[in-house]
Amino acid sequence: MQSLLVLGSTGSIGTQTLELVGESPGELRVSGLAARSSSEKLLEQCRRFHPRWVALEDEAAAERIAPQLPVGTHLHRGPRALEAIAAECEYDIAVHGVVGAAGLPASVRVLERGKTLALANKESLVMAGALLMPLAQRHGARIVPVDSEHSAIFQCLRGERIERVRRVILTASGGPFRKATAAELERATPEAALKHPNWSMGPRISIGSATLMNKALEVIELQHLFGLERERIEVVIHPQSIVHSLVEFVDGSVIAQMGPPDMRLPIHYALHHPDRASAPRTGFDLELFRRLEFEAPDHARFPALELGYRCVDLGQDSGAVLNAADEVAVEAFLKRRIGFTDIARINAAVLERRAGRCASVADLVEADASARRDAREEIESRSAAKEAS
Ligand code: MG
C-alpha cells in the first residue's frame with residue numbers, strides 16, 4: 001500500500017488523483033491533503049479520505065475548518081503550510097498539482113526527504129530544474145512527470161539511453177486560436193482564450209495553451225527532466241491531442257505514446273510507476289484515432305514559444321523570470337487590463353531585464369519576486385499608453 005500526499009488537492013490534478021485513489025482501494029491511501037483556500041472542498045475530501053495531515057494556506061479558512069477535523073489531525077496553516085506538510089507528513093509519493101511558482105518550496109522538501117515526486121507543478125522545474133535534478137539525485141528521490149507530454153516521453157524512454165535520442169518532439173494542441181489571424185489574436189477575449197478544444201484545465205494553463213506559453217515552459221521542463229539540449233527539443237502542433245509526444249532515436253525509429261486526452265492517464269502512471277497497473281480507461285478508439293494531424297508551429301503568430309528556447313540558452317534564473325512574468329501577465333489579461341498579444345510582449349520584455357543569478361532556491365525566489373515587479377511596471381506603462389491613445 002502506497003501512501004499519498006496530495007498538494008493542491010482541490011484543484012484539477014488533485015481531484016482527479018483522489019478519483020483514482022477511490023478506484024484503487026487497498027492500493028493507495030491518502031495520508032495528507034493540502035490546498036490553498038478551498039476549505040469546504042478540502043473538508044469534504046477529509047471526510048472521505050481521512051488524512052492524518054492537512055494543510056491550508058488561507059489562515060481564516062483554516063480557522064473555520066479546524067474544529068471540524070477529527071481529533072489528532074495535524075493541521076498546517078498559513079503561507080508556508082504546503083512546505084510544512086511536505087516536510088512532516090508520512091508519505092511515499094507526493095502528487096504535486098499546485099499551479100505556479102508557489103509550488104517550488106514544497107517540491108524542495110519532498111526531494112530532500114528522498115520521496116517520489118509525481119510532478120504536475122511544472123513551474124518547479126521551469127524555475128529551478130538546475131537545482132532540483134541534482135537535489136533529487138543526492139537524496140535518492142525520484143521525479144515522475146505528470147505533465148502529459150513529459151509522461152509520454154518518460155514512457156517512451158523506458159529502457160533507452162538518452163544519448164541514443166536524436167530528438168524529442170513535444171506535441172501542442174495549438175489551443176483555441178490555432179487558426180486565428182494576427183488581427184484576431186489582437187482582439188482575443190479571456191472567454192475565447194479559456195475555451196480549450198481538448199483539455200479541461202485551470203485558467204493559467206488554459207491561457208498558456210492559447211499563447212503557447214505553456215509549451216514554452218514545457219520546453220524548459222523537458223530540458224531539465226531529461227538533460228536535453230536545445231538542438232534535441234522540437235515542438236509540433238497536433239490538434240487532436242492523442243499523440244502526447246514522440247521520441248526519435250539515432251536509428252530513425254520514432255516511438256510515440258498515445259491515448260485520449262485525459263489527465264487521469266499520466267496521473268495513474270505516476271502513482272503506480274514503475275509498475276503499470278490496470279485502470280478502466282479507454283485506450284485505442286477508432287473514431288478518436290481516425291485522424292492524427294501534425295503541423296509546424298507558427299512562431300510569428302505565437303512568439304511566446306521562442307521564449308522557452310531563449311531560456312534554454314540563457315539558463316540561470318531565466319526560467320523563474322519567464323514564469324513569474326507570465327503569471328502576472330495572464331492575471332492582467334484575465335482582468336482585461338492588457339490584450340492577449342501583450343502577454344508574450346510583456347514576458348519577452350521582462351526576460352530581457354533579468355539579473356542572471358542562480359546559486360540557490362532563495363536566489364530564484366528573489367528572481368521571481370523582482371520579475372513580478374518588472375511585469376507590473378510593464379503592464380502599467382502599457383495600460384497607460386492604451387488610455388492615452
Ligand atoms: Mg502539458
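Start by selecting K122 and E218: these two residues form a salt bridge, and their closest N and O atoms are 2.8 Å apart. Keep in mind throughout that this is a predicted model.

**The two domains**

Next, colour the chain by domain. The domain assignment gives domain 1 as residues 2-145, and domain 2 as residues 162-260 together with 298-388. If you mark the centre of each domain, taken over C-alpha atoms, the two marks are 25 Å apart.

Now look at where the domains meet. On one side, 18 residues of domain 1 are in contact, and on the other side they meet 21 residues of domain 2. About 1,600 Å² of area is buried between the two domains, and carbon and sulfur atoms give 72% of that area. Select K122, V126 and M127 together: they supply 39% of the area that domain 1 buries against domain 2, more than any other three residues. How many salt bridges are counted between domain 1 and domain 2? The count is 2.

**D368**

Select D368 next, in helix α17, which covers residues 361-388. Is D368 buried or exposed? Its relative accessibility is 10%, so D368 counts as buried, the cut-off for buried being under 20%. To see what surrounds D368, show A101, M127, A320 and A324, which D368 touches when residues up to four places away in sequence are not counted. M127 is also one of the three residues picked out above for the area that domain 1 buries against domain 2.

**The aromatic rings**

Move on to the rings. The structure holds 4 aromatic pairs. One of them is F177 with F340, an edge-to-face pair with 5.0 Å from centre to centre and 85° between the planes. Which parts of the chain does this pair link? The parts are distant: F177 is in the loop between β8 (165-172) and α8 (182-187), while F340 is in the loop between α15 (318-334) and α16 (342-352). Along the chain, F177 and F340 are 163 residues apart. Both F177 and F340 are buried. Add F333 to the selection to see a cluster, in which ring pairs link F177, F333 and F340.

**A charge over a ring**

For the last stop, select K115 and Y91. The charged end of K115 sits over the ring of Y91, at 5.5 Å from the centre of that ring.

Notes
Residues numbered from 1 in each chain as written. Predicted model: local features only at pLDDT ≥ 70, side-chain atom pairs only at ≥ 80, totals over all residues. Heavy atoms only, no water. Phe/Tyr/Trp six-rings, centres within 6.5 Å; stacked < 30°, edge-to-face > 60°. Helix = DSSP H or I, 4+ residues; strand = E, 2+ residues; numbered from the N terminus. Buried < 20%, exposed > 50% of the residue type's maximum accessible area, 1.4 Å probe, protein only. Lys NZ or Arg CZ within 6 Å of the ring centre and 35° of its normal. Contact = heavy atoms within 4.5 Å. Domains from an automatic or database assignment. Buried area = accessible area lost by both parts, 1.4 Å probe. Salt bridge = Lys/Arg side-chain N within 4 Å of Asp/Glu carboxyl O.
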